[in-house]
Amino acid sequence: MESSLPVGWTMDESELEALGRAGVSGMKKYLPIMLDVEGRRVVIVGGGAVAARKAGPLLEAGAELVVISPSLSGTLAAMADEGRLQWISRPYAPGDLQGAVLVYAASDNRAVNEAVAAEARQLGLPVNVASHAEAGTFITPGVLRRGRLTVAVSTSGAGPSAAAEITQQIAGLLGEEYEPYLDFLHELRTAIKQLEPAAENRSRLLRRLGKLDVLNELRQGTFIPWTRDEIESWVARNREI
Ligand SMILES: C[C@@]1(CC(=O)O)c2cc3[nH]c(cc4nc(cc5[nH]c(cc(n2)[C@H]1CCC(=O)O)[C@@](C)(CC(=O)O)[C@@H]5CCC(=O)O)C(CC(=O)O)=C4CCC(=O)O)c(CCC(=O)O)c3CC(=O)O
Ligand SMILES: NC(=O)C1=CN([C@@H]2O[C@H](COP(=O)(O)OP(=O)(O)OC[C@H]3O[C@@H](n4cnc5c(N)ncnc54)[C@H](O)[C@@H]3O)[C@@H](O)[C@H]2O)C=CC1
C-alpha cells in the first residue's frame with residue numbers, strides 16, 4: 001500500500017511524480033469532464049473483470065472499442081462474438097495505441113500497465129491505470145444515468161467501493177422521472193432555439209422553462225406531453241416580458 005509506507009520503503013519514479021502533482025496535502029483534484037467518444041477508437045489492454053467493467057459504458061457511449069489481451073472474460077468474449085468490440089488476442093506490444101483517443105491499462109501486470117501508460121503519455125493520450133491509478137492521468141467515477149442526466153461520483157480514488165455506494169444513494173434521490181423531464185427540456189430548448197431569433201428573449205424563455213412544474217407533474221403522473229402547437233403557443237406567450 002503506497003498510502004502508508006513503512007520506514008525503509010522507497011517510492012518509484014511514477015509514485016514520486018504523482019506525489020509531486022498531488023501537492024503537500026496529498027489530495028489531488030481531478031477535473032470532471034463529459035467526453036464524446038462516439039465513433040472514436042478506445043483501447044483497453046487486458047481482458048479480465050476490470051476491463052469488462054470499463055468496456056460497458058464505453059460501448060454505451062458509442063466508442064469503437066479495441067481490447068488487447070491474450071484471454072477474455074466471459075462478458076468480454078460475448079461482446080466480441082456480437083461484434084461490439086474488436087479483440088486482438090495477444091499481449092500488448094508497443095505501437096498498439098496508435099489512433100486511439102483514450103486508453104485503459106487494465107491488465108493484472110503492473111509492468112505491462114506501466115508500459116502502456118508510458119506509450120500513452122508519449123502520444124499525449126489520457127490513460128487510466130487499473131492496478132495503480134497514480135501511474136495514469138484519469139480515473140473512472142461511479143456513474144448514474146437517467147436518460148440525458150448523468151451523475152458521476154468520484155472519491156479521488158480514496159474509496160472505489162464508497163464511490164459505488166454513494167452513487168447508489170444518489171440513485172435513490174433522483175427517480176426515473178428525470179428521464180422524461182430532460183427529454184421534455186431538450187424538446188422545448190430545441191424549439192426555443194428554432195423559434196426565437198433574439199438572444200435576449202431566448203434567454204428569458206430558457207429561464208422560464210426551468211421554472212415550470214413539469215418534474216412534479218411527472219412524479220404525480222399528471223403530466224400530459226405538449227403538442228407542437230402547445231409548445232409554439234407557450235413560446236409566443238412567454239417571449240416578451
Ligand atoms: C482509482 C480508480 C481508478 C479506476 O479504475 O479508474 C480505482 C482503483 C482501484 N479500485 C480497486 C478496487 C475496487 N474497485 C471497485 C469498484 C469500482 N472502482 C471504480 C473506480 C476506481 N477504482 C477509480 C477511483 C474512483 C473514485 O474516484 O473513487 C468504480 C467506481 C468505477 C469503475 O471501475 O467502473 C467501480 C464501482 C462501480 C460501481 O459498481 O458503481 C471495487 C468494488 C467491486 O469490484 O465491486 C474494488 C474492490 C474493493 C476495494 O478494493 O475497494 C483497486 C484495488 C485493486 C487491488 O487491490 O489490486 C484500485 C487500484 C488503486 O487504488 O490504485
Ligand atoms: N481499478 C479498479 O476498479 C480495480 C482494479 N483492480 C486491479 O486491476 C487489475 C486487473 O484486474 P482483473 O480484471 O480483476 O484481473 P483478471 O485476472 O481478471 O484479468 C487480467 C487480464 O489481463 C490480461 N493480461 C495479462 N498480461 C497481459 C498483457 N501482457 N497484455 C495484455 N493483457 C494482458 C489477462 O489475459 C487477463 O485478461 C489487477 O491488477 C487488479 O489489482 C482490481 C479491482 C478493481
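## A tour by selection

Helices α6 and α7 are roughly antiparallel to each other, because their angle of about 165° is over the 145° cut-off. The model on screen is predicted.

**Stop 1: α6 against α7**

Select residues 178-195 for α6 and 199-211 for α7. Their axes lie 10 Å apart. The crossing of α6 past α7 is right-handed. Now show side chains. On the α6 side, pick Leu185, Leu188, Arg189, Ile192 and Lys193. They meet Arg202, Leu205, Leu206 and Leu209 of α7. Colour this contact by class: six residues are nonpolar, three are charged and none is polar.

**Stop 2: α6 against α9**

Keep α6 and add α9, residues 228-238. Here the axes come within 10 Å and cross at roughly 60°. That angle makes α6 oblique to α9. This crossing is right-handed. From α6, select Leu188, Ala191, Ile192 and Leu195. Their counterparts in α9 are Ile231, Glu232 and Val235. By class, the contact holds six nonpolar residues, one charged residue and no polar ones. Leu188 and Ile192 deserve a second look: both belong to the α7 contact and to the α9 contact.

**Stop 3: the parallel sheet**

Move to the strands. Five of them make an open sheet with parallel pairing. Read across the sheet, the order is β3-β2-β1-β4-β5. Select residues 85-88 for β3 and 127-129 for β5. These two are the edge strands. Each has a single partner strand, so one side of each is left without a neighbour in the sheet. On average, neighbouring strands here are turned by 15° against each other, direction ignored.

Zoom in on the β5 edge. Add β4, residues 102-105. Three bridges join β4 to β5, and the two strands run parallel. For one pair to label, take Val103, whose bridge partner in β5 is Val127.

**Stop 4: the hairpin**

Select residues 142-146 for β6 and 149-153 for β7. These strands run antiparallel and are joined by five bridges. Label Arg146, then its bridge partner in β7, Leu149. Two residues lie between the strands of this hairpin. Click on Gly147 in the turn: its phi is positive, about 60°.

**Stop 5: around ligand 1**

Select ligand 1 and the 20 residues that surround it. Label the closest: Ala133, Thr140, Ser154, Pro160 and Ala163. Then colour by element. α2 and α5 (160-173) are the elements that give two or more residues to this shell. The largest share, five residues, comes from α5. Which classes make up the shell around ligand 1? Eleven residues are polar, seven nonpolar and two charged.

**Stop 6: around ligand 2**

Finish at ligand 2, with 22 residues around it. Gly47, Gly48, Val50, Pro91 and Ser131 come nearest. Which helix gives the largest share of this shell? Select residues 49-60: helix α2 supplies three residues. Colour by class once more. The shell around ligand 2 has twelve nonpolar residues, nine polar and one charged.

Before closing the viewer, select α2 alone with both ligands shown. α2 gives two or more residues to the shell around ligand 1, and the largest share of the shell around ligand 2 comes from α2.

Methods:
Residues are numbered from 1 along each chain as its sequence is written. Chains are lettered from A and ligands numbered from 1 in the order in which they are written. This is a predicted model: local features need pLDDT of at least 70, side-chain atom pairs count only at pLDDT 80 or more; totals for chains, interfaces and linings use all residues. A residue is near a molecule or strand if its C-beta atom, placed from the backbone, lies within 6 Å of it. Helices (H or I, at least four residues) and strands (E, at least two) are DSSP runs, numbered from the N terminus. Ala, Val, Leu, Ile, Met, Phe, Trp, Tyr, Cys and Pro count as nonpolar, Asp, Glu, Lys and Arg as charged, and the others, Gly among them, as polar. Two strands pair if DSSP finds at least two bridges between them. Axes are lines fitted to C-alpha atoms, for helices over the stretch in contact, and angles run from 0 to 180 degrees between N-to-C directions. Angles under 35 degrees count as roughly parallel, over 145 as roughly antiparallel, 65 to 115 as roughly perpendicular and the rest as oblique. A crossing is left-handed if the near helix is turned anticlockwise from the far one by less than a right angle, and right-handed if clockwise. Two residues are in contact if their C-beta atoms, placed from the backbone, lie within 7 Å.
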